[in-house]
Amino acid sequence: MKYETIQVQPLTPTLGAEIHGIDLTQVLDNRQSQEVHNALLTHQVIFFRNQKISFEQHKAFGRLFGELEVHPYAPSQAGHPEVLPIHADANSKQIAGERWHSDVSCDPEPPMGSILHLHEVPPTGGDTLFASMYAAYDALSDKMKDYLEGLIAIHDGGPNYRRRAAIEGKDDQRTFPRAEHPVVRTHPQTGRKLLFVNPVFTTTVRDLPEAEGEAILKFLFDHCNQPQFQARFSWRENSVAFWDNRCVQHIAMWDYFPQTRSGNRVTVKGDKPV
Ligand code: SIN
């Protein structure tokens, strides 16, 4: 891929790249946003440094790639329903994203991508790990690929969001999204196949005996968790990460308690997985 307006420095051969030569406080022109989008499709998660962006600039960057969505569970920044605070400090009982997941995969149309900006980071720690679900799929045996083809999994927001509410001492009776998605999904833009199950939202596999569904999900969660599919990003103040939520999972490390780590995420709407 030849880039004219940005420089792209891959983080690992599998996924992740740092993007240089772009200022997210400015409106990107068509060529710049096309190249950022191409870098995202190629590297699955891309990173920017030294981007001191406002809520409006953050949202404007997200809107270059689609409509923004409002999170079905978490509170937003006042006056900015599409801006989700991601914050942990000495008073936190939990953090967002501390188990492997893709964002809101319980939605019938899960997000295309998420863009996280951190304005405060702990002195050490607080990394985010990303895993390529293309690489996880490619590493399966042909026999396993055949077995998984056509299987449908249930992704349910209820257990996860109610568990999170209980940690905060709340009994959350809201109805959360629940959806059925193919276990093997084809990325709508790259046409590549990938695994689309994760331990936060995927609860069962439809039309399989319960024990078999549980066993296959356990196998897939363990399989996806292998380090060769991963890249680890070390944040600095005003770093931005933009992940393609269709083909990567991520997990946030909470190894910095009682230090503060703080920022905001905007989430770009996606399509029904096929
Ligand atoms: C998230 O899951 O969106 C949070 C990721 C992070 O804080 O690194």
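In this predicted model, a polar side-chain atom of T128 lies 2.5 Å from an oxygen atom of the ligand. Two arginines take part in a comparable way, since a polar side-chain atom of R261 is found 2.8 Å from an oxygen atom of the ligand, and a polar side-chain atom of R265 is likewise placed 2.8 Å from an oxygen atom of the ligand. Taken alone, the ligand exposes 260 Å², and 99% of that area is buried by the protein. Beyond T128, R261 and R265, the residues that surround the ligand include I86, A96, G97, H101 and D103, and the list is completed by L116, W243, H250 and A252.

Several of these surrounding residues can be placed within the strands of the model. L116, one of the residues around the ligand, stands opposite A241 in β13, a strand that comprises residues 239–244 and is joined to β5 by six bridges, the two running antiparallel. Strand β5 itself spans residues 113–120, and because six of its eight residues are buried, the strand is largely enclosed by the rest of the structure. Strand β5 is also joined by seven bridges to β15, which covers residues 261–268 and runs antiparallel to β5; within this pairing, S114 has T267 of β15 as its bridge partner.

A separate description concerns H155, which lies in strand β7, formed by residues 152–156. With a relative accessible area of 0%, H155 falls under the 20% cut-off and is therefore buried. The side chain of H155 is joined to that of S105 by a polar contact of 2.8 Å. When residues up to four places away in sequence are left aside, H155 touches S105 and C106, the residues P177, R178, A179 and H181, and further F196, V197, N198, F201 and T202.

Strand β7 belongs to an open sheet of three strands, arranged in the order β8-β7-β11 with antiparallel pairing. The edge strands of this sheet are β8, residues 178–182, and β11, residues 202–205, each of which pairs on one side only, and the twist from one strand to the next averages 30°. Three bridges join β7 to β11, the two strands running antiparallel, and in β11 the bridge partner of H155 is T202, a residue that also appears among the contacts of H155.

Terms used:
Residues are numbered from 1 along each chain as its sequence is written. This is a predicted model: local features need pLDDT of at least 70, side-chain atom pairs count only at pLDDT 80 or more; totals for chains, interfaces and linings use all residues. Side-chain values use heavy atoms; hydrogens and water are left out. Helices (H or I, at least four residues) and strands (E, at least two) are DSSP runs, numbered from the N terminus. Buried means under 20% relative accessible area, exposed over 50%, partly exposed in between (1.4 Å probe, protein chains only). A polar contact is a pair of N or O atoms within 3.5 Å; within protein, one must be able to donate a hydrogen and the other to accept it, and residues adjacent in sequence count only if both atoms are side-chain atoms. Contact means heavy atoms within 4.5 Å. Two strands pair if DSSP finds at least two bridges between them. Axes are lines fitted to C-alpha atoms, for helices over the stretch in contact, and angles run from 0 to 180 degrees between N-to-C directions. A residue is near a molecule or strand if one of its heavy atoms lies within 4 Å of it. Accessible areas come from the Shrake-Rupley method with a 1.4 Å probe; for residues, only the protein chains shown count as cover.
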